[in-house]
Every structure is written in structure tokens, then in C-alpha cells.
There are 2 protein chains.
Amino acid sequence: MKDINDMPGHLVRRLQQIAVAVFHAQVESAGFDLTPVQYAALVRVRTHPGIDQATLAGLIAYDRTTIAGVVDRLVQKGFLTREVSGTDRRARVLRMTETGEAALDRIEPAVETAQKLILSGLDEAEATEFMRLLRKATDAANDFSRAPLRQVSGDPGNAK
Amino acid sequence: MKDINDMPGHLVRRLQQIAVAVFHAQVESAGFDLTPVQYAALVRVRTHPGIDQATLAGLIAYDRTTIAGVVDRLVQKGFLTREVSGTDRRARVLRMTETGEAALDRIEPAVETAQKLILSGLDEAEATEFMRLLRKATDAANDFSRAPLRQVSGDPGNAK
DNA sequence: TACTGATGATCAGCATACTGTCAATTCGAG
DNA sequence: CTCGAATTGACAGTATGCTGATCATCAGTA
């Protein structure tokens, strides 16, 4: 390993940096100002209405602390509501607003475009293989980070 | 694309998150407190003594603004020196200190280990292919980010 | 030489992400 | 049922990374 350009860590960071830039550009041209994390959180709250912050963090593999700030900003934008759970007063229950639903519908095409652009250097077969390897690598190393992916029991998660 | 887990952007972020965590753990167990960016900067300053901050930023594909803070912390740790260039008074010239050299030598094995751990879910052939695709994708999308990789003229860069 | 555009560095500001710590609350073992 | 462990959310602190702006300096040209 003579060079940092031969290191997976460095290249992965590079691609992630590119992915964020592309995401921003696409979403902005759709008329919205939403970060990748905010988008992931929105999508998950829509599929899991009434989810609490800690469970949401596990589903998208983010740290609890980070999610608090993300949710703050989504509430501020009027895309989410957050209220104390009736069954567990520690937990804050998250739900999408009408505004959030509408925004997500309009943002989704931009996000699709962004995903294609990120791998625009690869042909279709390469992209498929790349995704398979990405999934395999992240699955195997899931517990190396403080914020591992945690499936909810009964949740299909990554299954097709 | 039914799910965020099928999106390259999401998976790349995940792997990057894992890579940073693994890097931290390994470097810490070697007795140092250095981030991936700081490491990349150190390596590049060693191979390019007397480099200025903007060129350094281009070589490791970071934003100029980000590098300023990184260099600040490396100077504070005593790993780098920063002084005004004699030929261009706008530029700050960077050089490694003895301390920095010594630290880098001791950190390198930990970084090697980290790189292996990041792809520990893949066998050797898969890892090689994954790296090839990573490089291809990042090369193609290089200019999508504000901080593209910029080779110095006459610099071998990524060549073997 | 004076002007213009490009470049290097810095600053303010925003949004991740992490560690570590804490308080409030819930839950399970005895 | 009670007490200790676990969980949820929050806060402080640090380090990336980005955008947009400003300032000093340099280089090429009229």
C-alpha cells in the first residue's frame, strides 16, 4: 500500500463526498434544501409512522445524538412532528406532516437521478456488482461502528 | 429503488462511517489520536515537502477551507510546520517535523490493519474488484464535487 | 506601470457525526 | 413490589466538510 489512493478508506470517503455533492445539486434543482440524512430519516418515518428517535437511528444506521439534530431541523421545516409517546414518556414519537409527504414525493425523482449519477462511471453490470460488494462489506463490518444498522423485529429491511 | 438500502449513496455513507470508526480504533490502539484526514494530509506533506495548502487540498481531494482547520490541528500537535512562502507571500508552506515523521512511522501499520478490516467481509478477489470499481467510479465523477482530486503536473498520483 | 483577473488563505455560518456524560423513565430480577 | 440495570433523549465538546464572502498577493496585459 504505497499510496493513500490505494486505500479503501480514502476512496470510499471520496465517493461519499461525491455522492453528497451530487445529492445536493439534484435536490436543489428540484427546489428543495434537504441533506441525505434528512432524506433518509423522512423516508423511514414514512414507512414507520410513530417511530421513536432511537429506533429510527438504528434503522438508518445513524448515531442517536446525530438524529436528534436532524429531526430538529425536519420539525423546523414542518416536515415532521415530534411528541412524547403515550406509552413511554422517555420516547419521542415521529410522524410525517402533509407538507413532508408532498415534499418527499417531489424530491424522490431527484434522488433517483442522483443515485445514477454517483455510479455514472460504471456500466450496468459493474454497478450491480459494485452494489453487491458494497452491501456485503457493510453487512460484515456493521458492528464496527457506534451506530450499527439495527433491523426492527418483523421488519423486512433490506430484503427484496 | 424501493428502499434507501438499495441506494449507492446510502451504502457508501455506511461504509465510510465504518471506515472512520475502524481507523479511529486502530490508530488509538497504536497510541495516537489522529483522524483519517489528518493522516492523509501528513502522508502527502511527507511525499511533497514544502507544499502549500491549496495544492495539498487538491492532492487529497479536500476543500481548501477544510484543510486549513486540519493543518491547524496538525501544527498544534507538533507534526507540521507552517510558514509563509519565500516566493509567494500568499502561500503557506508546509513541512513535517521530526515528531511528525516518527508518529507517521508508528501509525502506518495501524492504518494498514484498518484498511484490511474495512473490507473484511470480502475475499481477496472481491476486494480487488471492489477497489477497481471504486477507483473507476470516483475518477468518472471527480468533478461533481467542489473539492476534486487534482494531480500536480509531473506527479505520478495514482499510478503504480 | 496601472489594471484586471486569478489564486491562496481565512472567516462566518450551517449540518453532519462522533465521544462522553447526564437525567428521566422503564423494566426485569429477586 | 423494589431496586438496579437498561433505555431514551439531551447536552457539551471536537472534528469534518460544505457554501459564500472577503482580503492580500501575484501574474499577465494594455
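**Exercise 1. Which residue is the bridge partner of A:Leu80 in strand 3 of chain A? Use the answer to work out the sheet of chain A.**

This is a predicted model, in which local features need pLDDT of at least 70 and side-chain atom pairs count only at pLDDT 80 or more, while totals for chains, interfaces and linings use all residues. Residues are numbered from 1 along each chain as its sequence is written, chains are lettered from A and ligands numbered from 1 in the order in which they are written, and side-chain values use heavy atoms, leaving out hydrogens and water.

Step 1. A:Leu80 has A:Met96 as its bridge partner in strand 3 of chain A.

Step 2. Place that bridge. Strand 2 of chain A pairs with strand 3 (residues 92–96) of chain A in the antiparallel sense, over five bridges. Strands pair if DSSP finds at least two bridges between them. Helices (H or I, at least four residues) and strands (E, at least two) are DSSP runs, numbered from the N terminus.

Step 3. Extend to the sheet. Three strands form an open sheet in chain A, with the order 1-3-2 and antiparallel pairing. Strand 1 (51–52) and strand 2 (80–84) of chain A are at the edges with a single partner strand each, so one side of each has no neighbour in the sheet.

**Exercise 2. Trace the sheet of chain B, bridge by bridge.**

Step 1. Start with the order. The open sheet of chain B has three strands, ordered 1-3-2, and its pairing is antiparallel. Strand 1 and strand 2 of chain B are the edge strands, each pairing on one side only.

Step 2. Take strand 1. Two bridges join strand 1 (residues 51–52) of chain B to strand 3 (residues 92–96) of chain B, and the two run antiparallel. B:Ile51 stands opposite B:Leu94, and B:Asp52 stands opposite B:Val93.

Step 3. Take strand 2. Strand 2 (residues 80–84) of chain B pairs antiparallel with strand 3 of chain B over five bridges. One of the residues to check is B:Leu80, whose bridge partner in strand 3 of chain B is B:Met96.

Step 4. Add the helix. Helix 4 (residues 64–76) of chain B lies across strand 2 and strand 3 of chain B, at about 120° to strand 2. Axes are lines fitted to C-alpha atoms, for helices over the stretch in contact, and angles run from 0 to 180 degrees between N-to-C directions.

**Exercise 3. Is A:Ala61 buried or exposed? Examine it together with helix 3 of chain A and A:Gln38.**

Step 1. A:Ala61 is buried, with a relative accessible area of 0%. Buried means under 20% relative accessible area, exposed over 50%, partly exposed in between (1.4 Å probe, protein chains only).

Step 2. Check the backbone. A:Ala61 is in the loop between helix 3 and helix 4 of chain A. Its phi is near 60°, a positive value in a residue other than glycine.

Step 3. Turn to helix 3 (residues 53–60) of chain A. Six of its eight residues are buried, so the helix is largely enclosed by the rest of the structure. The six are A:Gln53, A:Leu56, A:Ala57, A:Gly58, A:Leu59 and A:Ile60. Their cover includes helix 2, strand 1, helix 4 (64–76), strand 2 and strand 3 of chain A, together with helix 1 of chain B.

Step 4. Inspect A:Gln38. This residue is in helix 2 (residues 36–47) of chain A. A:Gln38 is buried at a relative accessible area of 5%. Not counting residues up to four places away in sequence, A:Gln38 touches A:Asp33, A:Val70, A:Arg73, A:Leu74 and A:Lys77. Contact means heavy atoms within 4.5 Å.

**Exercise 4. Describe how chain A and chain B are related and joined.**

Step 1. Superpose. A rotation of 180° with 0.0 Å of shift along its axis places chain B on chain A, with RMSD 0.0 Å. The two copies are thus related as by a two-fold rotation axis. The fit is by least squares on the C-alpha atoms of residues with pLDDT of at least 70 in both.

Step 2. Size the interface. The contact takes 58 residues from chain B and 58 residues from chain A. The chains bury about 5,600 Å² between them, 67% of it on carbon and sulfur atoms. Buried area is the accessible area (1.4 Å probe) that two parts lose on being put together, summed over both. B:Val12, B:Arg14 and B:Phe144 supply 10% of the area that chain B buries against chain A, more than any other three residues.

Step 3. Compare surfaces. 100% of chain B's interface residues are also interface residues in chain A, so the copies meet through the same surface.
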